[in-house]
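Let's take a walk through this fold, starting on the inside and working towards the charged side chains. Keep the viewer open as you read.

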Amino acid sequence: PANEGVRELHLSVALTDKGRYVGRGMSLYPTVVSRFLERVDLRYDPEKPVPLETPLSSGDTITLSDGQTGTHLEFVMLPKRELS
């Protein structure tokens with residue numbers, strides 16, 4: 001319900017000025033980015049001024065969970081096709 005605040009399963013992906021992608025946690029539920037030897041929980045903390053974020057690289061897996069079930073995503077960067 002909307003009266004409970006941000007609770008949707010939500011991850012925001014943004015492109016930085018330096019051309020890197022970052023993932024930002026926008027959910028109160030666990031939002032975990034996993035990569036080799038690293039796990040980052042990006043769940044939103046309403047007491048902090050901004051959401052947590054982490055760089056994203058091709059092959060990173062992201063788990064969006066409501067505490068009971070989860071949705072698993074893989075961040076994949078495809079090569080840009082040049083037009084001739």
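In this predicted model, the largest nonpolar core is made of eight residues: Leu-11, Val-33, Val-40, Leu-42, Leu-56, Ile-62, Leu-64 and Phe-75. That kind of grouping fits a general habit: in soluble globular proteins, nonpolar side chains tend to be buried together. Two of the core's members, Val-33 and Val-40, make a handy way into the sheet, since Val-33 stands opposite Val-40 in E4.

So what does Val-40 touch once its neighbours within four places in sequence are set aside? The contacts are Thr-31, Val-32, Val-33, Arg-35 and Thr-54. Hang on to Arg-35 from that list; we'll come back to it.

Now zoom out to the sheet. Its four strands come in the order E4-E3-E6-E7, the sheet is open, and the pairing is antiparallel. Strand E4 (38-41) and strand E7 (70-74) are at the edges with a single partner strand each, so one side of each has no neighbour in the sheet. On average, neighbouring strands here are turned by 20° against each other, with direction ignored. As for E3 and E4, they run antiparallel and are joined by four bridges. In general terms, strands of a sheet pair through backbone hydrogen bonds, either parallel or antiparallel.

On to the charges. How many salt bridges does a search of the whole structure find? The count is four. The general idea is familiar: side chains of opposite charge can pair when their charged atoms come close.

One of them links Arg-24 and Glu-53, with the closest N and O atoms 2.7 Å apart. Arg-24 sits in strand E2 (residues 21-25) and Glu-53 in strand E5 (residues 53-56), so this pair ties together parts of the chain that are 29 residues apart in sequence. Both ends are partly exposed: Arg-24 has a relative accessible area of 30%, and Glu-53 has 43%.

Back to Arg-35, as promised. Its side chain meets that of Asp-60 in a salt bridge, at 3.0 Å from N to O. This pair also links distant parts of the chain, with Arg-35 in strand E3 (residues 31-35) and Asp-60 in the loop between E5 and strand E6 (61-65), 25 residues apart. Arg-35 forms a salt bridge with Glu-38 too, this time at 3.2 Å from N to O. Through shared partners, Arg-35, Glu-38 and Asp-60 end up in one network.

Which of these three is buried, and which are partly exposed? Arg-35 counts as partly exposed at 22% relative accessibility, and Glu-38 is partly exposed as well, at 36%. Asp-60, by contrast, has a relative accessible area of 4%, so it is buried, given that the cut-off is under 20%.

That makes the surroundings of Asp-60 worth a look. Besides the 3.0 Å polar contact between its side chain and that of Arg-35, the side chain of Asp-60 reaches the backbone nitrogen of Ser-57 at 2.9 Å. Leaving out neighbours within four places in sequence, Asp-60 is in contact with Val-33, Ser-34, Arg-35, Pro-55, Leu-73, Glu-74 and Phe-75. Val-33 and Phe-75 will ring a bell, as both belong to the nonpolar core we started from.

Terms used: Residues numbered from 1 in each chain as written. Predicted model: local features only at pLDDT ≥ 70, side-chain atom pairs only at ≥ 80, totals over all residues. Heavy atoms only, no water. Helix = DSSP H or I, 4+ residues; strand = E, 2+ residues; numbered from the N terminus. Buried < 20%, exposed > 50% of the residue type's maximum accessible area, 1.4 Å probe, protein only. Polar contact = N/O pair within 3.5 Å; in protein donor to acceptor, adjacent residues only side chain to side chain. Contact = heavy atoms within 4.5 Å. Core = buried A, V, L, I, M, F, W, Y, C linked by side-chain atoms within 4.5 Å. Pairing = 2+ DSSP bridges. Axes fitted to C-alpha atoms, helices over the stretch in contact; angles between N-to-C directions.
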